[in-house]
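The exercises below ask you to trace contacts, burial and surface features through a model, with a worked solution after each task. Please keep the sequence and the structure in view while you read.

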Amino acid sequence: MYRPITQPTEILSQLQTGQLLRVKGTPGNALIICNPHHSELAGPGAAVGSVFDLKCSRVIPIGKVSIVYPETRIERKKAYALRQQWILFTHKAMETWVPLQRAEKLLIMLYQYFDPQLIDELPDEVLARLVGVLPKTIGIVRQALVSERLLRATSEAERVHCKMPN
């Protein structure tokens, strides 16, 4: 049994070797793999490395993530299927040609699946590369969504603490 690889620099080195690995983690954790012209999201169980990620230049963990070697043929097959599902997850945000809508759809999906605080910590340029928009576009949408969440939280707090007279 191999020890899980957890440090981003170690993960990057292993991905660039061409060996097939898989993301180990629980739901709500993932790895963003940055390639020269785009980035991909790989969540728990997804295959990484192999021919997919030879040219990756950076990896960014979301939450507590590590990579391990899939030991059986069944694990490898499942890992390939999960990588494909994660690619499809990201592509759902790209169903529109309008950049603001792509950015909004991506952020909403990420906020629903991951801890919003983890998503808020990710750089705009990294998220932009997931759906092919400018980092500025992600920033605009992120600010609008954060403002919307704050308004909702404030409104909820006021409703709970201030009862209206009958």
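A salt bridge is taken here as a side-chain nitrogen of Lys or Arg within 4 Å of a carboxyl oxygen of Asp or Glu. The model is predicted, so local features need pLDDT of at least 70 and side-chain atom pairs count only at pLDDT 80 or more, while totals for chains, interfaces and linings use all residues. Residues are numbered from 1 along each chain as its sequence is written, and side-chain values use heavy atoms, with hydrogens and water left out.

**Exercise 1. Find the salt bridge of Asp 53, and state which parts of the chain the pair ties together.**

Step 1. The partner of Asp 53 is Arg 83, and the closest N and O atoms of this salt bridge are 3.0 Å apart.

Step 2. Because Asp 53 lies in the loop between E4 and E5 whereas Arg 83 lies in helix H2, the pair ties together parts that are 30 residues apart in sequence. Helices (H or I, at least four residues) and strands (E, at least two) are DSSP runs, numbered from the N terminus.

Step 3. For burial, the cut-offs are under 20% relative accessible area for buried and over 50% for exposed, with partly exposed in between (1.4 Å probe, protein chains only). Asp 53, at 0% relative accessibility, is buried, and Arg 83 is buried as well, with a relative accessible area of 2%.

**Exercise 2. Describe the surroundings of Arg 83.**

Step 1. Contact means heavy atoms within 4.5 Å. Not counting residues up to four places away in sequence, Arg 83 touches Ile 33, Glu 40, Ala 42, Ala 46, Ala 47, Val 48, Phe 52 and Asp 53.

Step 2. In C-alpha to C-alpha terms, Arg 83 and Gly 43 are 7.6 Å apart in space, although 40 residues separate them in sequence.

**Exercise 3. Work out how Lys 105 and Asp 124 are paired, and compare the burial of the residues in each pair.**

Step 1. The structure holds 4 salt bridges. In one of them Lys 105 pairs with Glu 95, the closest N and O atoms being 3.1 Å apart. Since Lys 105 lies in helix H3 and Glu 95 in the loop between H2 and H3, this pair ties together parts that are 10 residues apart in sequence. Lys 105 is partly exposed at 32% relative accessibility, whereas Glu 95 is exposed at 62%.

Step 2. Asp 124 pairs with Arg 142, with 2.8 Å between the closest N and O atoms. Because Asp 124 lies in helix H5 (residues 124–131) and Arg 142 in helix H6 (residues 135–161), this salt bridge ties together parts that are 18 residues apart in sequence. Asp 124 is partly exposed at 24% relative accessibility, while Arg 142 is buried, with a relative accessible area of 9%.

Step 3. Salt bridges that share partners also join Glu 40, Asp 53 and Arg 83 into one network.

**Exercise 4. Which residues of H5 are buried, and what phi does Gly 132 take just after H5?**

Step 1. The buried residues of H5 are Val 126, Leu 127, Ala 128, Leu 130 and Val 131.

Step 2. Gly 132, placed just after H5, takes a positive phi of about 70°.

**Exercise 5. Classify the ring pair of Tyr 113 and Phe 114.**

Step 1. Rings of Phe, Tyr and Trp (its six-membered ring) pair if their centres lie within 6.5 Å; planes under 30 degrees apart count as stacked, over 60 as edge-to-face and the rest as tilted. By this rule there are 6 aromatic pairs.

Step 2. The ring centres of Tyr 113 and Phe 114 are 4.7 Å apart and their planes stand at 80°, so the pair is edge-to-face.

Step 3. Tyr 113 is partly exposed at 32% relative accessibility, whereas Phe 114 is buried, with a relative accessible area of 3%. Ring pairs link both residues with Trp 86 and Phe 89 into a cluster.

**Exercise 6. Locate Thr 96 and identify the polar contact of its side chain.**

Step 1. Thr 96 lies in the loop between helix H2 (73–92) and helix H3 (99–113).

Step 2. A polar contact is a pair of N or O atoms within 3.5 Å; within protein, one must be able to donate a hydrogen and the other to accept it, and residues adjacent in sequence count only if both atoms are side-chain atoms. The side chain of Thr 96 makes such a contact with the side chain of Gln 101, at 2.8 Å.
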